[in-house]
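Me: I should like to go through the terms applied to this structure and see how each is justified. Please set the values against the definitions in each case.

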Amino acid sequence: MHIAWIGKKSPPCGNVTYSREITNALRDRGYRVSFLHFAQEESEGDPKPNRLTYHKDVQEVSLPFLYKSQVYTIPAPRSSKLLVQALQDLNPDLVHASLTLSPLDFSLPEICEELHIPLVATFHPPFSHKHRNLSAGTQQFMYQLYAPSLANYDAVIIFSQAQRDLLMRLGVSGDRIVVIPNGVDTQKYSPHPVSNFRRETGAEQLFIYQGRIALEKNVESLLRAWKQTALPPSCKLILVGEGPLMNVLMPNYGPEHNILWLGAIMDDQQRIDILRGSDVFILPSFVEGLSLSLLEAMSCGVACMATDAGADGEVLEQGAGIVLNPSRVKSELTTLIPLLANQPELVQILGRKARQRVLDRYSLLENLNRLEQLYGKIFAKTPISQL
């Protein structure tokens with residue numbers, strides 16, 4: 001089967017990781033995969049060196065763009081015509097679009113209908129179904145914007161029942177929606193007693209945040225809580241990622257507060273080494289989808305705290321981690337960070353439970369098995385709601 005995958009390769013974000021992991025795994029399972037993504041033609045790729053590893057046999061097609069960020073993409077005027085031509089030339093059996101908040105997302109159903117190609121979407125934008133705030137309101141609007149278009153896709157992959165309920169309230173038929181949670185490679189992301197990064201820091205305990213440094217991630221509440229706890233230099237907070245608030249926050253929260261800013265790390269093995277050397281992962285977001293960064297940390301056996309936003313609270317429920325209230329993140333972290341710093345046995349227990357939860361529910365293997373079942377049902381033209 002030939003899959004034409006439409007997704008992102010940069011800048012680093014959850015959509016990039018998802019597309020890379022799934023397309024690599026599909027190719028390893030014998031699928032032919034073509035990867036269509038936005039890239040500058042003159043560089044034959046992205047403006048910055050891309051250190052993410054993609055399967056060597058994945059055929060790539062570059063689509064021109066005017067602007068691209070971690071959140072959205074503005075395609076060049078001719079990109080739609082080039083996309084149609086590429087799909088005609090490739091003649092795939094199925095198009096799978098990991099939606100990127102781009103105007104092309106809304107044109108795809110019409111394009112694929114005219115070409116008689118089945119179309120699957122992965123729709124993983126963040127949301128919060130329990131707590132109201134500015135970020136949640138913005139994401140609610142995004143769901144309202146996308147719902148009419150999603151109703152025209154042959155299948156829409158989402159990650160949780162709460163997200164399914166939201167889309168159905170907005171008019172997307174339940175027989176087009178399939179819940180397939182994000183998954184991680186549990187062999188690649190696994191615990192290991194040795195971490196070069198931890199040895200280099202000289203820290204006894206490492207707390208880590210990994211993600212965008214942006215308003216909806218609520219990183220400032222974490223930083224303020226950390227600063228207030230005034231833990232000794234043997235405890236350090238690591239921030240992995242970049243974003244619009246990075247240069248605003250860095251001057252006020254630096255090494256003098258035992259905070260290390262590492263920026264975006266593209267090399268997988270380096271990121272895994274950092275996770276393996278960490279004790280506690282913290283995700284203080286106002287809104288989330290189903291965070292791959294959270295699942296990666298859990299799979300590495302790191303104790304995790306995350307807000308009850310999107311599906312992250314569901315991931316950590318029943319003792320697999322600590323669930324935070326998005327409305328009280330700073331006060332809760334001010335209490336919990338010193339508690340975990342002084343209770344290494346509790347941290348180890350939470351790390352083991354986190355790892356087991358991923359093995360039980362969120363492995364990449366199970367994700368791929370269900371994706372293959374979906375592809376099979378679409379080709380057989382049988383109801384996908386039975387998945």
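Reply: A point on annotation comes first: UniProt positions are given in the numbering used here, and annotations may be inferred rather than shown by experiment. The model itself is predicted.

Me: What feature does UniProt place at residues 203–357?

Reply: The unreviewed UniProt entry gives the feature "domain: Glycosyl transferase family" for that span. In the model, residues 203–357 are 41% helix and 19% strand, and their end C-alpha atoms lie 28 Å apart.

Me: How many helices and strands does the chain have, and why is the chain called as compact as a globular protein of its length?

Reply: There are 14 helices and 15 strands in the chain. Its radius of gyration is 21 Å, and the globule rule gives 21 Å for 387 residues; the two are close, so the chain is as compact as a globular protein of that length. The C-alpha trace spans about 65 × 45 × 40 Å along its principal axes.

Me: What share of the contacts joins residues at least 24 apart?

Reply: Among contacts between residues at least 6 apart in sequence, the share is 71%. Buried residues account for 58% of the 387 residues. The chain exposes about 16,400 Å², of which carbon and sulfur atoms supply 50%.

Me: Why is Ser98 called buried?

Reply: The relative accessible area of Ser98 is 4%, and the term buried applies under 20%. Ser98 therefore meets the definition of a buried residue. Ser98 belongs to strand S6, residues 94–98.

Me: Which residues does Ser98 touch, not counting those up to four places away in sequence?

Reply: Ser98 touches Trp5, Ile6, Gly7, Asn15, Tyr18, Ser19 and Thr122; contact here requires heavy atoms within 4.5 Å. For one of these residues, Asn15, the C-alpha atom is separated from that of Ser98 by 7.1 Å, although the two are 83 residues apart along the chain.

Me: Which residues of helix H7 are buried, and what covers them?

Reply: In H7, residues 219–229, the buried residues are Val219, Ser221, Leu222, Leu223, Ala225, Trp226 and Thr229. Their cover includes strands S10 (205–210), S11 (235–240), S12 (259–263) and S13 (280–283), together with helices H8 (246–249) and H12 (329–341).

Me: What makes residues three or four places apart in an α-helix point the same way?

Reply: An α-helix has 3.6 residues a turn, so residues at that spacing point the same way. Just after H7, Ala230 takes a positive phi of about 50°.

Terms used. Residues numbered from 1 in each chain as written. Predicted model: local features only at pLDDT ≥ 70, side-chain atom pairs only at ≥ 80, totals over all residues. Heavy atoms only, no water. Helix = DSSP H or I, 4+ residues; strand = E, 2+ residues; numbered from the N terminus. Rg over C-alpha atoms; globule rule 2.2 N^0.38 Å. Buried < 20%, exposed > 50% of the residue type's maximum accessible area, 1.4 Å probe, protein only. Areas by Shrake-Rupley, 256 points an atom, 1.4 Å probe, with all protein chains shown as cover.
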